[in-house]
Amino acid sequence: MAVVFHESTKVFHLFNQDVSYIMRIMENGQMEHLYYGKALKDKADFLYLHEETMRSLMSVCMPEPSLLSMQYTKQEYPSYGTGDYRSPAFTVLQENGSRIVNYTYASHTIYKGKKDILPLPATYVESDSEADSLEVRLHDEVAGTDLVLSYTVYADFPVITRHARFEQKGPQTVVLERALSASVEFNDMDFEMVHLAGAWARERYVKNRKLEMGIQSIQSMCGTGSSTDHNPFLALKRPHTTESQGEVYGFSFVYSGNFLAQTEVSTFDMTRVTMGIHPEGFAWELKQGEVFQTPEVVMVYSDGGLNKMSQAYHRLYRTRLMRGKWRDEVRPILLNNWEATYFDFTEEKILTIAKKAKEVGVELFVLDDGWFGTRNDDYHGLGDWFVNTDKLPDGITGLSKKVEETGLKFGLWVELEMVNKDSDLYRAHPDWIIGVPDRFESHARHQHVLDFSRKEVVDHIYGMISKVIREASISYIKWDMNRYMSEPYSRSAKPSEQGMVMHRYILGVYDLYTRLTTEFPDILFESCASGGARFDPAMLYFAPQAWTSDDTDASERTKIQYGTSYVYPLVSMGSHVSAVPNHQLQRTTPLESRANVAYFGTFGYELDLNLLSEGELEQVKSQVAFMKAHRQLIQMEGDFYRLLSPFEGNETAWMVVSQDKSEAIAAFYQKMNKVNGSWLRLRLQGLCADTLYEVSCNMKPSLVLDEKLAEVYGIQEDEEAFQVYRAYGSELMYAGIPIDRKELTKKGGDFASLLYTIKKVAD
């Protein structure tokens with residue numbers, strides 16, 4: 001790992017054993033991008049990577065005989081207006097109305113370690129030996145503004161991080177109309193763009209598209225979150241890249257608000273990737289002495305396919321983005337009462353559900369929406385963070401103690417950024433909501449967005465909810481956010497400050513998270529936003545897990561969790577076993593399959609266990625025991641491999657392999673059962689080819705199996721539940737595991753699944 005500056009050629013080289021990133025100071029003082037990809041041996045002269053030739057209609061930006069043109073130069077942080085006609089990374093409006101700038105090299109600093117960019121979340125190091133960093137300071141003499149480009153290369157990850165900072169040194173006031181975090185350029189367009197798109201209950205579906213000339217982009221302009229529509233991530237992969245081989249570049253944005261991620265291909269086949277805060281509605285005023293810091297972009301390079309890219313993100317985000325007590329601890333198995341009761345509950349009913357959860361081995365009970373104010377539906381009470389004593393006469397304090405007396409920890413749901421107009425908070429402070437005076441204020445789910453760009457609003461909410469937490473025994477907080485921002489306007493901001501409101505809002509959210517996680521460091525926070533509408537890296541900095549989707553159907557969850565795994569570690573994915581028929585789809589799936597999907601996440605239950613049969617309760621006990629035995633591997637220590645995509649066929653498969661390759665867990669899921677179907681082989685990955693493994697597969701039929709069908713197949717209650725055999729890693733990876741379709745039929749057919757445990761045979 002190193003950051004090297006070659007004075008003779010003005011070349012910077014950031015590199016480790018996996019990746020190189022090379023740029024230089026050009027003759028005009030601006031920064032040129034030369035190379036990003038597989039690690040190169042360092043040397044002083046990479047200038048041959050600069051290409052310069054005369055083309056018609058080209059604007060030359062230096063006196064003759066130079067042929068330097070920004071139109072055909074790969075730039076580190078491009079601007080518009082001096083001969084480059086592509087989309088810029090930034091725009092600075094000056095007092096004379098001009099947006100023309102010329103940021104030229106002033107100085108640079110190379111240092112060990114990595115600085116934080118608080119109050120913005122970012123990846124970090126615990127020792128300066130983990131990373132090297134570079135800051136390149138550029139200056140525009142006319143505007144009087146410094147631009148600082150920051151880079152970090154990690155020692156043990158194929159990762160380069162980037163962000164930018166604007167510092168106004170001169171006397172004039174400038175306005176940043178666009179301030180993206182990173183721009184990277186490639187010589188060619190031979191890529192497919194991969195991104196994660198969807199909507200409520202079908203978040204983060206994998207989308208692939210071939211790059212063509214012109215602009216292809218994803219974005220969020222919802223204000224309050226990174227959105228269900230598009231996750232703040234994109235990757236460029238070569239057309240023949242697969243999960244296990246080929247070249248791919250990942251770009252992930254550590255931010256929870258409006259974003260733009262864009263690829264632009266020029267008519268000379270050059271590809272520019274830009275990522276940062278969305279410029280729509282953004283205008284940040286900088287007076288002398290003021291600074292604007294952009295959020296961080298995390299770039300991962302892989303020459304071993306999409307799985308290798310994802311594994312790098314998983315390890316980095318789990319160990320150097322998540323923080324605090326829960327970074328290194330397995331997650332408690334929980335039961336949430338929402339789909340069991342919705343708003344209709346009493347203390348007695350809650351305790352009945354909690355006691356049954358304790359009987360099967362659950363460790364944490366979570367009380368969801370409806371415990372506060374006059375909250376019996378979604379029309380009332382949001383913003384009134386005091387207990388509803390009609391439902392809970394002893395309050396959250398009393399209920400939490402009673403739940404703990406059963407042997408469970410206690411958790412609580414909140415939605416701190418929202419308010420109903422039918423609430424004491426709104427009646428006292430009607431000006432505290434986002435909205436434009438004298439215009440209709442759109443609502444969603446009958447609620448409005450509190451103006452978290454205002455410190456007094458954040459202070460008030462902090463005071464209310466921290467009092468509830470201090471007076472009770474709370475181990476877990478589920479922080480929900482159930483609508484996007486509309487009519488983005490703050491009644492307290494000046495007209496010139498309205499372009500700052502949406503970013504200041506997100507900073508307000510980060511501020512409240514910081515206060516609560518600082519005062520209550522032992523609480524496990526889980527973020528939620530109508531399911532997965534705010535599943536982004538920045539949230540993991542505060543809340544090390546997120547509710548992946550409100551869709552708890554097992555079959556649909558294979559797609560949602562598969563797509564989420566492109567960037568986010570399994571331990572971050574809230575995943576529960578819910579009741580059937582499923583509340584979102586009215587689909588019935590085997591209890592075994594519901595658990596087999598939920599294992600690959602945080603794992604928990606979203607139902608009333610009192611409504612299950614004795615046989616089903618025995619299954620639940622076995623599921624809880626299995627997760628307790630294997631969650632260290634699944635959540636903390638294993639590498640995740642995607643094997644079969646639910647977006648490409650009837651089957652899905654994935655697996656987790658320990659770092660030392662001594663054990664693994666693999667899962668196979670099918671959608672529709674097939675009559676007299678063709679042969680199936682499940683080929684594993686990540687094992688040691690020469691190691692002998694013992695493979696166990698749970699072959700016990702699901703309880704949904706019809707008794708007559710069981711009789712046809714000759715299945716008895718006391719039949720051995722597991723099929724066990726031995727095979728070398730090479731067999732499991734290259735020949736594969738034969739899957740007997742009859743076994744899938746025995747398990748209920750449609751939506752059946754198989755779970756394999758693989759362990760190294762002792763020498």
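Student: How far apart are the mean positions of the positive and negative charges of the chain?
Tutor: They sit 1 Å apart, counting 80 positive and 106 negative charges. Keep in mind that this is a predicted model.

Student: OK, and what's the secondary structure made of?
Tutor: The chain has 14 helices and 39 strands. Its radius of gyration is 27 Å, close to the 27 Å from the globule rule for 763 residues, so the chain is as compact as a globular protein of that length.

Student: What does the C-alpha trace span along its principal axes?
Tutor: About 90 × 70 × 45 Å.

Student: And how many of the residues count as buried?
Tutor: 64% of the 763 do. The chain exposes about 28,200 Å², and carbon and sulfur atoms supply 50% of that.

Student: Switching to backbone stuff: which peptide bonds are cis?
Tutor: Leu118 to Pro119 is one of them, with omega near 10 degrees. Pro119 lies in the loop between strand S6 (104-112) and strand S7 (131-140). Val580 to Pro581 is cis too, with omega about -5 degrees, and Pro581 is in the loop between strand S30 (576-578) and helix H10 (591-598).

Student: Why flag those?
Tutor: Because most peptide bonds are trans.

Student: What about phi of Tyr342?
Tutor: Phi is near 50 degrees there, a positive value in a residue other than glycine. Tyr342 is in the loop between helix H2 (338-341) and helix H3 (347-360).

Student: Why does Tyr342 count as partly exposed?
Tutor: Because its relative accessibility is 32%, and partly exposed runs between the 20% and 50% cut-offs.

Notes. Residues numbered from 1 in each chain as written. Predicted model: local features only at pLDDT ≥ 70, side-chain atom pairs only at ≥ 80, totals over all residues. Heavy atoms only, no water. Helix = DSSP H or I, 4+ residues; strand = E, 2+ residues; numbered from the N terminus. Rg over C-alpha atoms; globule rule 2.2 N^0.38 Å. Buried < 20%, exposed > 50% of the residue type's maximum accessible area, 1.4 Å probe, protein only. Areas by Shrake-Rupley, 256 points an atom, 1.4 Å probe, with all protein chains shown as cover. Lys, Arg positive; Asp, Glu negative; His and termini not counted. Charge placed at Lys NZ, Arg CZ, Asp CG, Glu CD.
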